[in-house]
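Visitor: I am new to this structure and should be grateful for a close look at a single part of it. Please begin with one residue and then describe its surroundings.

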Amino acid sequence: MSNAAQESFKTKLGNWALALLTFLIFIGGWEAIVRWLDVPVIILPPPSAILVASWKSFSAGELLFHTAVTMYEVLMGFLLGSICGLLLGFGIALSPLAERIFYPYIIAFQTVPKVAVAPIIVIWFGYGVSSKVIITATIAFFPLLANTIMGLRAAPQDQIDMLVTCTASRWQVFRLVRLPQALPYVFVGLDVAIVLSVIGAIVGEFVGAKAGLGYLILQKNFSFDMPGTFVVLIILSVLGVGLHWIISYLQRRIVFWIDVAGERVTGA
Amino acid sequence: MTMASTPDSASSAASPRNRDDNALVQIADLQMHYRTRDGNDIHALKDVNLKIGESEFVSIVGPSGCGKTTLLRILSGVLARTSGDVTIAGRQLKGPSPEIGVVFQAPILLPWRTVFENVMIPVEVQGRNREQFGARARQLLAMVGLQGFEDKYPSELSGGMQQRVGICRALVHDPSFLLMDEPFGALDAMTRESMNEELQRIWRDSQKTILLVTHSIPEAVYLADRVVVMTPRPGKIVEIIDVDLPRPRLLSMQNTPEFGRFVTAIRRHFNSEGVLDA
């Protein structure tokens with residue numbers, strides 16, 4: 001037993017080492033090619049320049065401030081959008097009438113690119129964080145809605161029959177089977193929504209903002225500060241990966257039985 | 001779970017234990033029609049009449065489409081009958097009843113619940129005393145050899161163990177009538193035989209009335225006091241055979257000529273119907 005555990009630890013360590021090695025070769029190759037071909041910094045900055053820029057940006061305090069602003073928009077928008085999607089998903093899954101009334105509008109709304117709606121929202125809610133929170137929420141909303149509806153309808157009929165033969169009421173069937181069966185789907189929705197939320201906040205900031213990483217990217221771009229732009233891009237992807245990782249962690253904890261069955265839906 | 005003092009040893013020859021007057025389950029003129037999606041009318045059950053006495057073990061055999069599963073679904077209350085009377089313990093059957101426990105073809109355990117929590121589902125649904133029935137659940141799990149597995153998850157159990165959990169779940173709320181729908185069909189032959197032995201023991205210890213649907217004629221004969229033979233199109237009972245083999249029955253009994261006679265008598269129906277099965 002412990003032999004197998006040791007074996008799996010070794011494989012894990014090996015995988016980590018391989019990932020690190022790949023990363024180092026990639027960065028090293030990038031640096032070498034940029035220097036060797038004498039690529040101008042304004043086209044493609046070498047990793048060393050990005051590192052210097054990130055230190056400057058960080059010590060000036062601007063990086064932390066703008067990251068905090070964007071983070072706030074992402075999280076608030078994600079929460080608002082997911083909660084709305086979740087609640088409406090419940091309503092629609094439980095009531096065919098609600099589906100007939102609301103679903104056509106929801107689909108119509110989903111079809112409109114949010115980038116096209118963003119300027120209107122900025123006009124309505126101003127240049128501050130609230131418009132970004134709203135734009136993010138409109139993007140985070142749909143994955144939750146669609147997955148909640150699908151999840152609540154995913155309960156196998158034999159599990160429902162089993163409960164019904166035990167004299168379970170509709171509400172008991174909902175609580176004991178439909179709800180737990182929906183959880184894996186809800187987590188897929190949350191995972192998609194959190195990554196989209198980062199995009200949503202940046203789109204909002206591009207349209208018009210006074211702060212945030214999207215605003216910072218535009219600023220750096222206008223001043224031809226290519227290394228600075230790359231720093232923000234890297235921060236953004238680290239943010240996205242971190243948020244996804246948190247959702248994956250919660251998913252493994254809460255819907256543990258899916259992992260056991262070997263049906264993981266998302267890969268890290 | 002109370003062991004009533006049954007005079008088992010003296011004349012364990014047969015089973016007409018108060019079958020007619022004091023029947024626990026009475027099915028009279030049961031009909032079941034339904035319409036398929038392409039509009040065909042299916043006569044799934046025709047004139048089904050059956051009385052099952054208290055603590056009696058009845059098996060139903062028949063080829064696919066003979067209506068045996070339909071009959072079980074009606075009795076378990078998830079399917080509404082077209083017409084006919086069904087009484088269980090003196091009460092008209094109107095839907096699912098706490099008097100009934102059901103064992104399904106698959107274990108149907110909820111993967112997010114431990115073995116113990118799975119067994120407790122009927123207790124929870126019916127709002128029974130958690131402490132009292134929790135003790136009973138543990139006792140049942142011990143009876144089927146799953147002591148120490150209470151806190152495991154279903155995915156950690158073998159198929160046979162999962163099905164035993166399903167049996168405990170059907171028994172936990174102490175129903176008087178146990179319905180079993182091909183409960184061992186998915187198990188390998190070895191596990192199936194030992195499960196048959198175990199079921200005989202559970203039945204003797206618990207004094208439940210059991211209706212078992214099965215594909216396997218030897219299984220039906222081995223376990224039952226009476227075997228109900230059904231044929232399809234329309235699903236109906238063609239014969240009810242008393243199995244007067246002595247109890248407790250041993251697996252080795254399946255090789256005796258007496259046992260073989262019952263199997264042959266049942267199989268004859270399917271040969272003549274041209275639908276040999278099992």
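Guide: The account below starts from one residue and widens to its helix, its chain and the contact with the neighbouring chain. The model is predicted, so local features need pLDDT of at least 70 and side-chain atom pairs count only at pLDDT 80 or more, while totals for chains, interfaces and linings use all residues. Residues are numbered from 1 along each chain as its sequence is written, and chains are lettered from A and ligands numbered from 1 in the order in which they are written.

The residue chosen is A:Gly151, which belongs to helix α6 of chain A, residues 129–152. Helices (H or I, at least four residues) and strands (E, at least two) are DSSP runs, numbered from the N terminus. A:Gly151 is buried because 23 other C-beta atoms lie within 10 Å; a residue is buried at 20 or more such atoms, exposed at 12 or fewer and partly exposed in between, with C-beta atoms placed from the backbone. Leaving aside residues up to four places away in sequence, A:Gly151 touches A:Gln181, A:Ala182, A:Pro184, A:Tyr185 and A:Val186. Contact here requires C-beta atoms, placed from the backbone, within 7 Å. A:Phe90 is 61 residues from A:Gly151 along the chain, and their C-alpha atoms are separated by 9.8 Å.

The helix around this residue is mostly covered, with 21 of the 24 residues of α6(A) buried. From first C-alpha to last, α6(A) reaches 34 Å, close to the 34 Å expected at 1.5 Å a residue; that expected span is 1.5 Å times one less than the number of residues. At A:Ala140, α6(A) bends by about 25°, and A:Pro143 follows within four residues. The bend is the angle between axes fitted to the seven residues ending there and the seven starting there.

Chain A as a whole has 11 helices and zero strands. Its radius of gyration is 23 Å, well over the 18 Å that the globule rule gives for 268 residues, so chain A is more spread out than a compact globule. That radius is taken over C-alpha atoms, and the rule is 2.2 Å times the number of residues to the power 0.38. Buried residues make up 37% of the 268 residues in chain A.

Finally, the contact between the chains takes 15 residues from chain A and 19 residues from chain B. On the chain B side, helix α3, residues 121–125, supplies the largest share, three residues.

Conventions: Two residues are in contact if their C-beta atoms, placed from the backbone, lie within 7 Å.
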